[in-house]
Amino acid sequence: NTGDLDPKAIQLESVAGAYWRGDENLAMLQRIYGTAWENKEQLDAYLEMKAEAARRDHRKIGAELNLFSIQDDAGGGLVFWHPKGAKMRHIMETFWKDLHLARGY
């Protein structure tokens with residue numbers, strides 16, 4: 001029962017619209033995203049965890065360090081490596097392969 005929820009432990013996260021069955025000629029529906037917890041302390045811990053995840057987002061950090069870029073026009077999640085990022089990727093992959101070969105994998 002939603003009446004049992006602590007109002008201080010509920011957070012609206014975002015809203016979005018979507019057409020019924022994906023057809024723009026049909027009615028638009030409203031999506032509401034939220035989260036609810038037993039108490040405010042749990043909500044605060046969750047919000048802090050989300051904030052920390054945003055600070056550590058590899059897409060943001062990679063762009064800031066000029067390691068790679070992601071261009072939505074080319075496809076979601078497709079990484080275009082910049083020279084510095086390509087070199088880092090090569091070093092990590094070489095380390096990983098050498099370690100596996102050394103351990104008999």
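Tyrosine 33 touches Leu12, Glu13, Ser14 and Ala16, leaving out residues up to four places away in sequence. In this predicted model, tyrosine 33 belongs to strand E2, which covers residues 28-36. Its relative accessible area of 38% makes tyrosine 33 partly exposed. Look further along the chain and the picture opens up: the C-alpha atoms of tyrosine 33 and phenylalanine 68, 35 residues apart in sequence, are separated by 31 Å.

Threonine 35 sits in strand E2 as well. Is this residue buried or exposed? Threonine 35 is buried, because its relative accessible area of 13% falls under the 20% cut-off. Leaving out neighbours within four places in sequence, the contacts of threonine 35 are Ala9, Ile10, Gln11, Glu13, Leu43 and Tyr46. Its side chain also makes a polar contact of 2.9 Å with the side chain of tryptophan 37.

Let's turn to the surface. Leu12, Val15 and Ile32 form a nonpolar patch there, and together they have about 320 Å² of accessible area. Of these, valine 15 is found in strand E1, residues 10-19, while Leu12 is also one of the residues touched by tyrosine 33.

**Charged pairs**

Side chains of opposite charge can pair when their charged atoms come close. How many salt bridges does a search of the whole structure find? The search gives seven, and the table shows three, including their N to O distances.

| Residue with N | Residue with O | N to O distance |
|---|---|---|
| Arginine 55 | Glutamate 48 | 3.0 Å |
| Arginine 56 | Glutamate 52 | 2.5 Å |
| Arginine 59 | Aspartate 57 | 2.9 Å |

Glu48, Glu52, Arg55 and Arg56 are linked in a network of salt bridges. Within this network, arginine 56 is exposed at 61% relative accessibility. Arginine 55 is partly exposed at 42%, glutamate 48 is partly exposed at 46%, and glutamate 52 is partly exposed at 27%.

The pair of aspartate 57 and arginine 59 deserves its own look. Aspartate 57 is placed in the loop between helix H1 (40-55) and helix H2 (58-64). Which side of the burial cut-off does aspartate 57 fall on? Aspartate 57 has a relative accessibility of 18%, so it counts as buried, given that buried means under 20%. Its partner arginine 59 is partly exposed, at 48%. The contact between their side chains, at 2.9 Å, is also listed as a polar contact.

**Helix H3**

Glycine 85 is part of helix H3, residues 83-102. With a relative accessible area of 2%, glycine 85 is buried. The C-alpha atom of glycine 85 is separated by 9.7 Å from that of serine 69, 16 residues away along the chain.

**The whole chain**

Three helices and four strands make up the secondary structure of the protein. Read from the N terminus, the order of elements is β-β-α-α-β-β-α. The radius of gyration is 22 Å, whereas a compact globule of 105 residues would have one near 13 Å. The C-alpha trace spans about 60 × 45 × 30 Å along its principal axes.

Buried residues account for 10% of the 105 residues, and threonine 35, aspartate 57 and glycine 85 are among them. About 8,900 Å² of the protein is exposed, with carbon and sulfur atoms supplying 57% of that area. Finally, take the contacts between residues at least 6 apart in sequence: 25% of these join residues at least 24 apart.

Terms used. Residues numbered from 1 in each chain as written. Predicted model: local features only at pLDDT ≥ 70, side-chain atom pairs only at ≥ 80, totals over all residues. Heavy atoms only, no water. Patch = residues over 30% accessible without salt bridge, like charges linked within 9 Å, V, L, I, M, F, W, Y side chains within 5 Å. Areas by Shrake-Rupley, 256 points an atom, 1.4 Å probe, with all protein chains shown as cover. Salt bridge = Lys/Arg side-chain N within 4 Å of Asp/Glu carboxyl O. Helix = DSSP H or I, 4+ residues; strand = E, 2+ residues; numbered from the N terminus. Buried < 20%, exposed > 50% of the residue type's maximum accessible area, 1.4 Å probe, protein only. Rg over C-alpha atoms; globule rule 2.2 N^0.38 Å. Contact = heavy atoms within 4.5 Å. Polar contact = N/O pair within 3.5 Å; in protein donor to acceptor, adjacent residues only side chain to side chain.
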